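Student: I would like to learn how to read a model like this one, feature by feature.
Tutor: Good. Let us look at it together.

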Amino acid sequence: MASKAVTIGDLIHRVASSCLSNRFPGNYTLDGSDLDDDDDDDDPFADFGDAADADAEDDQCPRPTVRPEEGDEEARRLRIWEEAEQEKRMAKNAAAAEEAKEAMKVEGAERAGDAESLMAEVFDAVSGVRRAYAALQGAHCPWDPDRMRAADAGVVAELRHLARLRDRFRRAAASPGGRIPRPSPSAPPLREAVAPYEAALDDLRRQLQGKQAEVDGLKEKLAAAATNRRNARLHPSKKHHHHILLAAPAAEAGAPTAELFVACAEQARAATRAFAAHLLHLLRAAGLDPAAATRSVTKIPVSSPQLAKHALEAHATAVLLGGFEHESFYLDGSLSSLLDPAAFRRERYAQYRDMRGMDPGELLGVLPTCAFGRYAGSKFASLLPPRVEEAVLGGEEHKKAVGAGAHPRTPFYGEFLRAAKAVWLLHLLAFALEPPPSHFEAGRGAEFHPEYMESVAGSAPRGGGMVVGFAVAPGFKLCNAAVVRARVYLVPRGSRQ
């Protein structure tokens, strides 16, 4: 071997044999015959050397051979394996698709069930709103504040339930899965938990406003009593008037008297002042400027809260006494006083005695369309402008209810009925007298006359220079020359007030 010469062809042959002895990736082998043929064709030194040297070299490096049958078998097995794997993948994909389809069907059925459940709840909530609103309408006539509050709370609760259903639907539309969440009974919404406390707080506020109005009315009556006592000390003539007030109940048993009319006029004025004080308190509670609100109601140039109280009293008196000279306040065209005057006077006095001990609210609850009910309804309709009524009472429900023939049982309307009843009794008593009293009113800018006028300030002005700014209440002149003096608000002469 050491003496044998190595040629370039031997080197090429060794390299080719080494390559054939190693398999290609994928267990694939080349055909040895094709490689030998290619090597023979491409080798330019194939003819060099003798056969002995070639045989000797072949003995040292044997050439591996690859049979064609083994390559075909490997390729066939590879194809079979690939086809089996492909069939497995296809079967697996088909199973996954079928599972996804079934899951989509189940999810669709669940979503449809959730939607049907939500729609059923929506229909129930709408029905609940209708029932609550019907109860609210039923509480208006006859007007019942307790039923109104309960019905109002019911309507609010049903509307909040409907709002929660709306929020559930919106959350479902925004969620990726589109599932409608179920409400959790153990975790109620914060609004629903706070709602009863808010309703109780509103109720307490309304009660506080009513109590405050009662306190203001009592303060006004106390101030009026103190003023009357002070005037009685300053003017001895008023002591006789005080004895008239004490002796008035004794005169009620027989025929009507002038003294009874004077006492009744003072009661009517006190009730009107109490109603004006209550109205002023409501204007303040509504957050309105008392002076500006009073100017819009009375058309009187008001510049201070104290002046607003007298202006509201003047307005309420003018409204309630409007048409006082007619036997029915011009509610109808009756002329019974001309057909049988004596019987008409007896009837009026009998009505006065029957009604003076009755509660006006209870009377109108039984007879809402009686003469007094029609009088109260017509006067209430012209008492407040719509904007002021909406600001003070929260709307025009009072006026609508009164226009429909009902009489609300609210503190404000109850205070109005007390003032209206006092004026109605004064009217009955006036037409029970023979002859009826005549009333007079001081005009703006008129000179102050103490025998016919009294100042709302409580004390008579000293010296001249004071004139009437506006009339607060009219005066009456009776058949026995007795005079119920007119109440006026005095201003300095030349003042623009």
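**Reading the model, feature by feature**

Student: Where do we begin?
Tutor: With the kind of model. This one is predicted. Then we take the strands. Strands of a sheet pair through backbone hydrogen bonds, either parallel or antiparallel.

Student: How many bridges join E1 to strand E4, and in which sense do they run?
Tutor: There are 3 bridges between E1 and E4 (residues 475-477), and the two run antiparallel. One residue pair fixes the register: His-439 has Phe-476 in E4 as its bridge partner.

Student: What is the order of the strands in that open sheet?
Tutor: The order is E1-E4-E5, with antiparallel pairing. Strand E1 (438-440) and strand E5 (483-484) are the edges, each paired on one side only.

Student: Which strands pair with E6, E2 first?
Tutor: Strand E2 (residues 453-455) joins E6 through 3 bridges, and this pair is parallel. Glu-454 stands opposite Arg-487 of E6. Strand E3 (residues 466-473) also pairs with E6, over 6 bridges and in the antiparallel sense.

Student: Which residues of E6 are the partners on the E3 side?
Tutor: Take two. Ala-473 has Arg-487 as its bridge partner in E6. Val-467 stands opposite Val-491 in E6. Note Arg-487: it faces Glu-454 and is also the bridge partner of Ala-473.

Student: How should I think about side chains along a strand?
Tutor: In a regular strand the side chains alternate between the two faces of the sheet. Burial is then a separate count.

Student: How many residues of strand E6 are buried?
Tutor: In E6 (residues 486-492), 5 of the 7 residues are buried, so the strand is largely enclosed by the rest of the structure. E3 is mostly covered too, with 7 of its 8 residues buried.

Student: Now a helix. Why do the ends of H8 lie where they do?
Tutor: Use the rise of 1.5 Å a residue: the 28 residues of H8 should span 40 Å, and the end C-alpha atoms are 41 Å apart, so the two values agree.

Student: Is H8 mostly covered or mostly open?
Tutor: Mostly covered. Of its 28 residues, 23 are buried. After H8 comes Gly-287, with a positive phi near 80 degrees.

Student: What about phi and omega in general?
Tutor: Most residues other than glycine have a negative phi, and most peptide bonds are trans. Look for the exceptions.

Student: Which peptide bond is cis?
Tutor: The one from Glu-434 to Pro-435, with omega near -5 degrees. Pro-435 sits in the loop between H17 and E1.

Student: What is the phi of Phe-329?
Tutor: Phe-329 has a positive phi of about 55 degrees, although it is not a glycine. Tyr-330 likewise has a positive phi, of about 65 degrees, and is not a glycine. Phe-329 lies in the loop between H10 and helix H11 (336-339). Tyr-330 is placed in the loop between H10 and H11.

Student: Is Phe-329 buried or exposed?
Tutor: Buried. Its relative accessibility is 4%, and the cut-off for buried is under 20%. Tyr-330 is exposed, because its relative accessible area is 51% and exposed means over 50%.

Student: Next, internal space. How many cavities of 30 Å³ or more does the structure hold?
Tutor: There are 2. The largest encloses about 110 Å³.

Student: Which residues lie nearest the centre of the largest cavity?
Tutor: Of its 13 lining residues, Ala-268, Arg-269, Thr-317, Leu-321 and Leu-426 lie nearest the centre. Helix H8 (258-285), helix H10 (305-320) and helix H17 (411-430) are the elements giving two or more residues to this lining. H8 gives the most, with 4 residues.

Student: What is the lining of the largest cavity made of, by class?
Tutor: It has 10 nonpolar, 2 polar and 1 charged residues.

Student: Last, cysteines. How many disulfides does a search of the whole structure find?
Tutor: The search finds 0. Burial can still be read for single cysteines. Cys-264 counts as buried at 4% relative accessibility. Cys-370 counts as buried at 19%; the cut-off is under 20%.

Notes:
Residues are numbered from 1 along each chain as its sequence is written. This is a predicted model: local features need pLDDT of at least 70, side-chain atom pairs count only at pLDDT 80 or more; totals for chains, interfaces and linings use all residues. Side-chain values use heavy atoms; hydrogens and water are left out. A disulfide is a pair of cysteine sulfur atoms within 2.5 Å. Buried means under 20% relative accessible area, exposed over 50%, partly exposed in between (1.4 Å probe, protein chains only). Two strands pair if DSSP finds at least two bridges between them. On a 1 Å grid over the protein atoms alone, a cavity is a set of points where a 1.4 Å probe fits but cannot get out, and a pocket is an open set with protein on both sides within 12 Å along at least five of seven lines; lining residues have an atom within 4 Å of a point. Grid points are joined across faces, edges and corners, and a volume is the space filled by probe spheres set on the points. Ala, Val, Leu, Ile, Met, Phe, Trp, Tyr, Cys and Pro count as nonpolar, Asp, Glu, Lys and Arg as charged, and the others, Gly among them, as polar. The expected span of a helix is 1.5 Å times one less than its number of residues.
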